[in-house]
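Me: I have a structure to read and would like to go through it feature by feature. Where should I look, and what should I look for?

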Amino acid sequence: METQDYNKSWLHKYAGKKIVIMGAGSGQGLRAAVMLALAGWKVGVAGRNVKVLKKLKEKFPDNIEWAEIDVTHDDAPQKLEDLAAKIGGMDIYFHVAGIQYINPELMISQEVETLETECVGFARMLCAAYHYFRFSGRKGQIAAITSVGGTRGTGPIASYSAGKKFGQTYIEALAQLAHMQKVDVAFTDIRPGWIRTPLELDELNYPINMTMSYAVPKILKAIIDKKRVAVIDWRWNCVYAFWRRIPRYIWERMTPPICSKATQAQTQENARLETTVI
């Protein structure tokens with residue numbers, strides 16, 4: 001994929017805005033960082049993949065600053081504040097960091113690792129962003145990727161679906177708290193379906209899968225429009241509406257489709273689709 005494929009002219013209207021993307025070392029966060037940097041935004045990129053973060057800085061030296069941040073570590077909030085200062089302040093905090101295991105055997109280590117990122121790390125970083133806006137008096141926005149997977153508890157991805165539900169509920173609680181405390185911060189809960197990113201295994205196919213080239217522009221549009229909740233895309237909106245209406249008794253006796261084995265050709269195509277050129 002060529003770099004110009006990332007370029008979306010409508011993003012240039014907001015050139016100069018300042019955003020920190022947590023989880024920018026791969027997947028949706030990386031794709032968003034490239035698109036925004038090309039459009040003239042000031043972007044703080046954070047995550048654990050230092051090699052990729054450094055490459056972003058090399059490619060966009062005037063638009064990108066980076067920091068190695070692990071959301072499961074206690075020093076992450078201070079590092080976020082430092083990164084925001086490096087880009088001259090933060091207008092938007094965008095939380096993309098996540099982890100997923102398909103774990104029908106309920107390996108405890110995988111369940112705990114998932115919840116440490118999806119719940120503890122999520123709360124740690126949204127608290128830090130909320131504190132930043134509250135105590136600086138700066139008007140801002142907190143956007144986070146949750147998932148339609150948080151709609152119902154799903155057996156093979158129990159901790160993942162529970163973690164995404166936690167994220168949705170936590171955002172709702174912070175939105176209420178901001179109203180109570182008169183903090184001028186908007187919240188955007190982004191709920192995609194399956195997106196072909198490195199979180200997905202190349203040898204597996206997922207239902208109604210979206211490419212990052214298709215999904216990430218829609219995600220950024222939802223942030224710019226300050227949507228309170230955005231399901232990506234219309235097909236997943238239909239699935240989301242249907243799942244919510246299934247009685248618990250029936251849901252708990254269903255076998256929801258998670259993934260299927262890909263052919264060799266599909267595996268190669270999956271690997272190609274998730275690649276981000278920087």
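Me: Which residues of the largest nonpolar core touch the most other members?

Reply: A core is read as a set of buried nonpolar residues joined through side-chain atoms within 4.5 Å. In this predicted model, the largest such core has 47 residues, and I21, W41, V43, L56 and F94 touch the most other members. Helix α6, residues 212-224, gives the most to this core, with eight residues. A second core is separate from it and has 30 residues, including M22, M90, A128 and F133.

Me: In what order do the strands of the sheet run?

Reply: Strand order is read across the sheet, from neighbour to neighbour. Here seven strands make an open sheet, with parallel pairing, in the order β3-β2-β1-β4-β5-β6-β8. Because β3 (64-68) and β8 (229-232) are at the edges with a single partner strand each, one side of each has no neighbour in the sheet. From one strand to the next, the twist averages 15°.

Me: How many bridges join β2 to β3?

Reply: Strands count as paired if there are at least two bridges between them. Strand β2, residues 42-47, is joined to β3 by five bridges, and the two run parallel. One pair to look up is A46 with its bridge partner A67 in β3.

Me: Which strands does helix α1 lie across?

Reply: For a helix on a sheet, read the strands in contact and then the angle. Helix α1 (27-38) lies across β1, β2, β3, β4, β5 and β6, and runs at about 160° to β1. Helix α2 (50-59) also packs on the sheet, where it touches β2 and β3, and its direction makes about 165° with that of β3.

Key
Residues numbered from 1 in each chain as written. Predicted model: local features only at pLDDT ≥ 70, side-chain atom pairs only at ≥ 80, totals over all residues. Heavy atoms only, no water. Helix = DSSP H or I, 4+ residues; strand = E, 2+ residues; numbered from the N terminus. Axes fitted to C-alpha atoms, helices over the stretch in contact; angles between N-to-C directions. Contact = heavy atoms within 4.5 Å. Buried < 20%, exposed > 50% of the residue type's maximum accessible area, 1.4 Å probe, protein only.
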